[in-house]
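The points below are meant for a colleague opening this structure for the first time. They can be read with the sequence and the model side by side.

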Amino acid sequence: MKLAVVLPWLHRLLPPACPLCGGDFSVPAADPFCFRCMATVVPLPAAQCSCCALPFLASSTQDTHLCGRCIQDPPAYSATHAAALYEGALQTAIRHFKFHQRPNLDRPLARVLSTCLPASLDVDLLVPVPLHPARLRERTYNQAWLLARELGRQSSLPVSPDVLIKCRATEPQLTLSARQRRENLRGVFVVNRDVKGRKILLVDDVMTTGVTLDLCSQVLLAGGARRVEIGVVARAPLP
Ligand SMILES: [Zn+2]
Ligand SMILES: [Zn+2]
C-alpha cells in the first residue's frame with residue numbers, strides 16, 4: 001500500500017498532539033493548547049488601561065482607567081483587546097509563529113485572541129499590521145495576516161490584507177525605546193485602499209510599546225476610517 005494512503009489513517013490512530021509542545025492533547029476541549037501549556041497562560045488582569053490595555057500589575061484594585069502615557073499622549077486607536085500577558089507558553093507560541101516558521105499556530109493563536117473580543121465589538125473590517133515586502137519574502141508569511149484571516153473565518157468579518165502598506169524596511173525594534181521606535185517608523189505606513197467610514201479592528205500578534213499600532217491607526221484615521229480598535233493575542237507590560 002502506498003505511504004500517501006496509509007499516513008492519514010496512521011495519523012488518526014495516534015493521539016492528537018498539542019500544536020505548541022507536541023504533548024498529549026487527547027482532551028482538547030475548548031482550549032487551543034494542552035493543559036500544561038494553558039497553565040502558563042495568564043489572562044490580562046481586570047486592572048488595565050482603558051485605551052491601550054497596559055496591565056496594572058501592581059494595582060490592588062480592579063479599576064480600568066487611562067495609563068499615564070495615554071493621558072499625556074493619547075493614541076489614535078480608541079480601545080485595545082488583548083487576551084493574555086506576553087509570557088509563558090503564549091510568548092513561546094508567538095515567537096515560534098513569528099520567527100521559527102510555524103504558520104500552523106495561526107488557528108490556536110486566533111482562538112486565544114477571539115476570547116478577548118467582546119460580544120459588543122462594533123467593527124466592519126479586519127486589517128493586519130503589514131510587513132515590508134522584503135521581510136515578507138524572507139519569512140514567506142505575515143503572521144498578523146494569518147491571525148486576521150483566522151479571525152475573519154470565525155467572525156465572518158471581511159479581511160483586507162492590503163489596506164495598509166509598509167513602504168520602507170526598518171531595523172528590528174526590540175532594543176529601541178518608544179520615542180526611538182516612533183522616529184524609526186515615521187512615514188513608514190501608508191493607506192492603500194479607501195477606508196472612508198470603516199470601523200476597523202487592527203490585528204497583530206503582540207503589543208509592546210504600542211507605537212507601531214498607534215502609527216498604523218493614525219494613517220487609517222487620516223485615510224478616513226471612522227474608528228480603529230486593536231486586537232492582539234498578547235500584551236507586554238512596559239519594559
Ligand atoms: Zn502543550
Ligand atoms: Zn494606556
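**Notes on the predicted model**

1. The zinc ion (ligand 2) takes its protein donors from C49, C52, C67 and C70, each through its SG atom, lying 2.3 Å from the metal. The reader should keep in mind throughout that this is a predicted model. The four donor atoms of the zinc ion (ligand 2) make angles of 106 to 113° with one another, and the site is tetrahedral. For orientation, the ideal angle for four tetrahedral donors at a metal is 109.5 degrees.

2. Along the sequence, the donor residues of the zinc ion (ligand 2) follow the spacing C-x2-C-x14-C-x2-C. C49 and C67 both lie in the loop between α2 (35-38) and α3 (68-72), so the pair ties together parts that are 18 residues apart in sequence. Buried or exposed, how does C49 count? With a relative accessibility of 2%, C49 counts as buried, and C67, at 5% relative accessibility, counts as buried as well.

3. The zinc ion (ligand 1) has as its protein donors the SG atoms of C18, C21, C34 and C37, which lie 2.3 to 2.4 Å from the ion. Around the zinc ion (ligand 1) the four donor atoms subtend angles of 102 to 116°, and the arrangement is therefore tetrahedral. The spacing of these donor residues in sequence is C-x2-C-x12-C-x2-C. Distant parts of the chain are linked by the pair C21 and C34, each placed in the loop between α1 (3-13) and α2 and 13 residues apart. C21 is partly exposed, with a relative accessible area of 46%, whereas C34 is buried, its relative accessible area being 1%.

4. F33 deserves a look alongside this site, since F33 is found in the loop between α1 and α2 and is buried, with a relative accessible area of 2%. Although F33 and C18 are 15 residues apart in sequence, their C-alpha atoms are 5.5 Å apart in space. Which residues does F33 touch, if those up to four places away in sequence are not counted? They are C18, P19, L20, F25, M38, L90, A93, L105, P108, L109 and V112.

5. Helix α4 (residues 88-99) and helix α5 pack at an angle of about 135°, with their axes 11 Å apart, and the two are therefore oblique to each other. The crossing in which α4 passes α5 is left-handed. On the α4 side the contact is made by L90, A93, I94 and F97, and on the α5 side by D106, L109 and V112. Among these, L90, A93, L109 and V112 are also touched by F33.

6. Helix α5 (residues 106-114) also packs with α7, here at an angle of about 65° and with the axes 9 Å apart. The crossing of α5 and α7 is right-handed. From α5 the residues D106, R107, L109, A110, R111, L113 and S114 make the contact, and from α7 the residues L146, L147, R149, E150, L151, R153 and Q154.

7. V203 has its place in strand β5 (residues 199-207), and at 0% relative accessibility V203 counts as buried. Leaving out residues up to four places away in sequence, V203 touches L113, V127, P128, V129, A144, L147, A148, L151 and G231. Of these, L113 belongs to the α5 side of the contact with α7, while L147 and L151 belong to the α7 side.

8. S160 lies in the loop between α7 (143-155) and β3 (164-166) and, at 18% relative accessibility, counts as buried; the cut-off for buried is under 20%. Apart from its neighbours within four places in sequence, S160 is in contact with L125, L126, V127 and P128. V127 and P128 are touched by V203 too. S160 and V203 are 43 residues apart in sequence, and their C-alpha atoms are 11 Å apart in space.

9. Finally, where helix α8 (residues 178-185) meets helix α9 (residues 211-222), the axes come within 9 Å and cross at roughly 40°, which makes α8 oblique to α9. α8 passes α9 in a right-handed crossing. A178, R181, R182 and L185 of α8 make this contact together with V211, T212, D214, L215 and Q218 of α9.

Terms used:
Residues are numbered from 1 along each chain as its sequence is written. Chains are lettered from A and ligands numbered from 1 in the order in which they are written. This is a predicted model: local features need pLDDT of at least 70, side-chain atom pairs count only at pLDDT 80 or more; totals for chains, interfaces and linings use all residues. Side-chain values use heavy atoms; hydrogens and water are left out. Donors are N, O and S atoms within 2.8 Å of the metal (3.2 Å for Na, K and Ca); water is not among the atoms, so sites may look incomplete. Four donors count as tetrahedral if all angles lie between 85 and 135 degrees; four count as square planar and six as octahedral if opposite donors are over 155 degrees apart and all others between 65 and 115; anything else is irregular. Helices (H or I, at least four residues) and strands (E, at least two) are DSSP runs, numbered from the N terminus. Buried means under 20% relative accessible area, exposed over 50%, partly exposed in between (1.4 Å probe, protein chains only). Contact means heavy atoms within 4.5 Å. Axes are lines fitted to C-alpha atoms, for helices over the stretch in contact, and angles run from 0 to 180 degrees between N-to-C directions. Angles under 35 degrees count as roughly parallel, over 145 as roughly antiparallel, 65 to 115 as roughly perpendicular and the rest as oblique. A crossing is left-handed if the near helix is turned anticlockwise from the far one by less than a right angle, and right-handed if clockwise.
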